[in-house]
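Please read this briefing with the model open beside the text. It takes a few helices, then some single residues, and says where each one sits.

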Amino acid sequence: MMTLSNEDFQRLVNFVKSNYGIDLSKKKQLIVGRLTNTIHSLGLNSFKEYVDRIIQQKNKEDIEILLNHLTTNYTFFMREEAHFKFFSETILPWLEQVKKNRVLSIWSAGCSTGQEPYTLSILLKEYFGTRSAMWDTRVLATDISQNVLKAAQSAVYDKESLSKLPASWIRKYFLPAGEPGLYTVTPSLKNNVIFRTFNLMDPIQFKLKFDVIFCRNVMIYFDQPTKAALIQRFYDAMVPGGYLLIGHSESLDRTGLKFQYVQPSVYRKPLN
């Protein structure tokens, strides 16, 4: 096993945190365990050579591999189901009432392999039904990782990933994807999601202010100052009354928090 000096560890920690917001300051053993094979595969002989390469070359593919190895993209359809119930029963009726232009602006931030935005699209189609054609319900889905976005766009999922969905929804919104036990989403569902590469450390400058932002199980990798700065950017990027949903295992420091607490892991920007 290669050794990682404190100096090289700190250099890597500082680079990743300043560019991607991810806090690796307590992950030294994880870094060594998960990156040693990558370093060998690149033909490098030490962590110093690897850290030099990452910092100096800033090669997108190298950084993609680094971030994929050190973060988890585990997800499935209807994960943390209470959020989707709240979305269908509380948020959508409110939006239907207030959005006179019938244009919704919903963001799945840190969308991973696509299960979250596709779940949201199913719920939108179920809620609006035959009225769907009169509404722009497209969901923006972003992630920093090109690899997970490619998987999301190909939209091939196994039976386990769909296990929390009602059988009627699987019949309605999924098609067999060649091999037994694999499914893909229907074209209408796929066309309702817009995938984009986006680093949450960057300024949020999308065309529309957001009605709803799902950013779940992403900020677990951020330290408190990084998280607070992102929450402020989310706040500025939302319409009054807009909702922010975070992971069930996450919480926001309510000291100076501008969002109103609604229920665990659900927050709202004040209407005025």
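What follows is a set of short notes, grouped by topic. The model is predicted. The notes start with single helices, go on to pairs of helices and end with individual residues.

**Helix 2**

- Helix 2 covers residues 28-41, which is 14 residues. At 1.5 Å a residue, a helix with this number of residues should span 20 Å, and the C-alpha atoms at the two ends of helix 2 are indeed 20 Å apart, so the two values agree.
- Helix 2 also has a kink of about 45 degrees, with its centre on Leu35.
- Leu35 is one of the buried residues of helix 2; the others are Ile31, Val32, Thr36, Thr38 and Ile39.
- An α-helix has 3.6 residues a turn, so residues three or four places apart point the same way.
- The cover over the buried residues of helix 2 includes helix 1 (6-20), helix 3 (47-57) and helix 4 (60-70).
- Gly43 comes just after helix 2 and has a positive phi of about 75 degrees.

**Helix 10**

- Helix 10 is made of the 13 residues 224-236. The expected span at 1.5 Å a residue is 18 Å, and the end C-alpha atoms of helix 10 lie 18 Å apart, which agrees.
- Which residues of helix 10 are buried? They are Thr226, Lys227, Leu230, Ile231, Arg233, Phe234 and Tyr235.
- These buried residues of helix 10 pack against helix 1, strand 1, strand 7 (210-215) and strand 8.

**Pairs of helices**

- Two packed helices are described by the angle between their axes and the distance between the axes.
- For helix 1 and helix 3, the axes come within 10 Å and the crossing angle is roughly 25 degrees. An angle under 35 degrees counts as roughly parallel, and helix 1 and helix 3 are therefore roughly parallel to each other.
- The crossing of helix 1 and helix 3 is left-handed.
- On the helix 1 side of this contact are Asp8, Arg11, Leu12 and Phe15, and on the helix 3 side are Phe47, Lys48, Val51, Asp52, Ile54 and Ile55.
- Helix 3 packs with helix 4 at an angle of about 120 degrees, and their axes are 9 Å apart. This angle makes helix 3 oblique to helix 4.
- Helix 3 and helix 4 have a left-handed crossing. Tyr50, Arg53 and Ile54 of helix 3 make the contact with Asp62, Ile63 and Leu66 of helix 4.
- Helix 5 (residues 81-98) and helix 6 (residues 115-128) have axes that come within 11 Å and cross at roughly 55 degrees. Helix 5 is thus oblique to helix 6.
- Helix 5 and helix 6 cross in a right-handed sense.
- Residues of helix 5 in this contact are Phe84, Phe87, Ser88, Leu92, Pro93 and Glu96, and they meet Glu116, Thr119, Leu120, Leu123, Leu124, Tyr127 and Phe128 of helix 6.

**Residues with positive phi that are not glycine**

- Lys58 is a residue other than glycine, yet its phi is positive, near 50 degrees. Lys58 belongs to the loop between helix 3 and helix 4.
- Is Lys58 buried or partly exposed? Its relative accessibility is 49%, so Lys58 counts as partly exposed.
- Ser112, also not a glycine, has a positive phi near 55 degrees. The loop between strand 1 and helix 6 holds Ser112.
- Ser112 has a relative accessibility of 7% and therefore counts as buried.

**Lys99 and Pro240**

- Lys99 sits in the loop between helix 5 and strand 1 (106-109).
- The relative accessible area of Lys99 is 16%. Buried means under 20%, so Lys99 is buried.
- Leaving out residues up to four places away in sequence, Lys99 touches Leu104, Trp135 and Asp211.
- Pro240 is part of strand 8 (residues 238-246). With 48% relative accessibility, Pro240 counts as partly exposed.
- Pro240 and Lys209 are 31 residues apart along the chain, and their C-alpha atoms are separated by 9.3 Å.
- Beyond residues up to four places away in sequence, Pro240 touches Trp94, Lys269, Pro270 and Leu271.

Conventions:
Residues are numbered from 1 along each chain as its sequence is written. This is a predicted model: local features need pLDDT of at least 70, side-chain atom pairs count only at pLDDT 80 or more; totals for chains, interfaces and linings use all residues. Side-chain values use heavy atoms; hydrogens and water are left out. Helices (H or I, at least four residues) and strands (E, at least two) are DSSP runs, numbered from the N terminus. The expected span of a helix is 1.5 Å times one less than its number of residues. The bend at a residue is the angle between axes fitted to the seven residues ending there and the seven starting there. Buried means under 20% relative accessible area, exposed over 50%, partly exposed in between (1.4 Å probe, protein chains only). Contact means heavy atoms within 4.5 Å. Axes are lines fitted to C-alpha atoms, for helices over the stretch in contact, and angles run from 0 to 180 degrees between N-to-C directions. Angles under 35 degrees count as roughly parallel, over 145 as roughly antiparallel, 65 to 115 as roughly perpendicular and the rest as oblique. A crossing is left-handed if the near helix is turned anticlockwise from the far one by less than a right angle, and right-handed if clockwise.
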